[in-house]
Amino acid sequence: MKRVAHRQVLKDNVRLQTVYENKELQTAMAEGSPCTTLPDVLDRYGTPVIFPKPSEERPYIYSTIALSADGKMAFMDNKVGSFVAGKNFVDPEGASMDYWVLNLLRAYSDGMLIGANTLKNEPGIVNYVKDETLNAQRHEVLGKKDHPVNIIVSLDGTDVPWDHATFDVDPEDRLKIMIATSPDGLAYIREHTDKKLVCLGSFRTRDEVDAADFPALMTDFDVYPVLVTGEGSTPDTPLMLYALRKMGLQYLCAESPTYTAVLMKEQCLDEYFITYSMTYVGGTLTPGMIVPQSYADHAHASLVSVGMHSSHFLYTRQKLIYGVKAP
């Protein structure tokens with residue numbers, strides 16, 4: 001079994017310079033929120049980060065990604081997502097800042113939405129708050145005692161890598177893993193793993209979710225809950241999110257570029273933290289490449305803040321806007 005380890009992700013001198021703040025929007029988003037800004041946010045990020053109070057319909061969801069100057073999320077010859085920032089050889093500290101922002105967003109979250117293909121591309125990663133100071137502030141300031149739940153999203157269960165490092169974490173570290181899939185996915189998983197599973201669902205309506213008696217998520221760390229929604233091999237994303245909210249999850253960090261595009265298509269993604277690394281990557285790997293939006297009806301965004309690390313990295317926080325039609 002592997003043990004999780006915390007470390008200081010950033011050097012003491014690494015900070016962003018704030019070049020834009022939409023203070024009116026920041027104030028509106030913070031009104032009535034149960035969140036508060038972590039001390040390291042003001043020190044290093046340079047502007048407050050307070051997420052709005054989530055609705056009862058679903059958790060509040062934000063995502064983060066690093067894109068190249070030409071809008072690519074990965075190199076064609078190595079699809080590890082962190083390389084777009086990490087291979088910016090001009091400004092290595094800017095890449096460290098991008099990794100810190102990821103850990104910042106994990107610190108605020110109750111769960112992380114992770115694509116099965118993301119795990120396949122990075123077989124050694126384990127997702128938790130790796131910065132020791134942010135992890136301590138998560139506990140002390142936000143009152144979140146355990147790691148965020150890892151929610152592995154899969155259409156049909158065939159792409160879940162059961163030999164991944166995520167499934168080999170010592171139970172003493174209290175890292176909870178959940179699978180969210182379809183009825184076909186549950187059937188496949190039952191046949192292809194010897195892990196101990198507990199089935200939640202199958203759910204096809206909100207009434208069924210409302211009638212369910214969900215077990216406490218943060219117990220039995222050697223048992224894997226499988227949340228089942230939808231029909232056939234198609235999970236029901238809004239219903240899955242509704243069920244997660246009923247389980248008490250308020251804030252989710254989406255860490256799969258493909259699933260982030262699905263959430264945006266379903267109008268369920270609330271914010272996007274996009275880091276622009278001033279590198280050129282080329283190729284075809286872009287966010288939303290398999291979930292295109294229409295020229296007549298697509299998501300928009302308002303900038304909440306923009307920060308810079310030297311002239312080689314741009315850090316944006318964006319609030320998504322849906323339902324805007326052409327005049």
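User: How many bridges join strand S5 to strand S7?

Analyst: This is a predicted model, where local features need pLDDT of at least 70, side-chain atom pairs count only at pLDDT 80 or more, and totals for chains, interfaces and linings use all residues. Residues are numbered from 1 along each chain as its sequence is written, and side-chain values use heavy atoms, leaving out hydrogens and water. Strand S5 (residues 177-181) and strand S7 (residues 223-229) run parallel, and the number of bridges joining them is 3. Strands here are DSSP runs of E, at least two residues, and helices are runs of H or I, at least four, numbered from the N terminus; two strands pair if DSSP finds at least two bridges between them.

User: And which residue in S7 is the bridge partner of Thr181?

Analyst: Strands of a sheet pair through backbone hydrogen bonds, either parallel or antiparallel. S5 and S7 are a parallel case. The S7 partner of Thr181 is Val228.

User: Which are the edge strands of the sheet?

Analyst: The open sheet has 11 strands with mixed pairing, in the order S1-S10-S11-S9-S2-S8-S3-S4-S5-S7-S6. An edge strand pairs on one side only, and that fits S1 (17-21) and S6 (196-203).

User: What angle does the direction of helix H9 make with that of S7?

Analyst: Helix H9 (residues 237-246) packs on the sheet, touching S5, S6 and S7 among others; contact means heavy atoms within 4.5 Å. Axes are lines fitted to C-alpha atoms, for helices over the stretch in contact, and angles run from 0 to 180 degrees between N-to-C directions. For H9 and S7 that gives about 135°.

User: Is Arg44 buried or exposed?

Analyst: Arg44 is found in helix H2 (residues 39-45). Its side chain has a polar atom 2.8 Å from the backbone oxygen of Lys11 and one 2.9 Å from that of Val14. Buried means under 20% relative accessible area, exposed over 50%, partly exposed in between (1.4 Å probe, protein chains only). Because its relative accessibility is 6%, Arg44 counts as buried.

User: Which helix gives the largest share of the largest nonpolar core?

Analyst: A nonpolar core is a set of buried Ala, Val, Leu, Ile, Met, Phe, Trp, Tyr and Cys residues joined through side-chain atoms within 4.5 Å. The largest one has 54 residues, and Phe51, Tyr62, Trp100 and Tyr108 have the most contacts inside it. Its largest share, 8 residues, comes from helix H4 (residues 92-108).

Terms used: A polar contact is a pair of N or O atoms within 3.5 Å; within protein, one must be able to donate a hydrogen and the other to accept it, and residues adjacent in sequence count only if both atoms are side-chain atoms.
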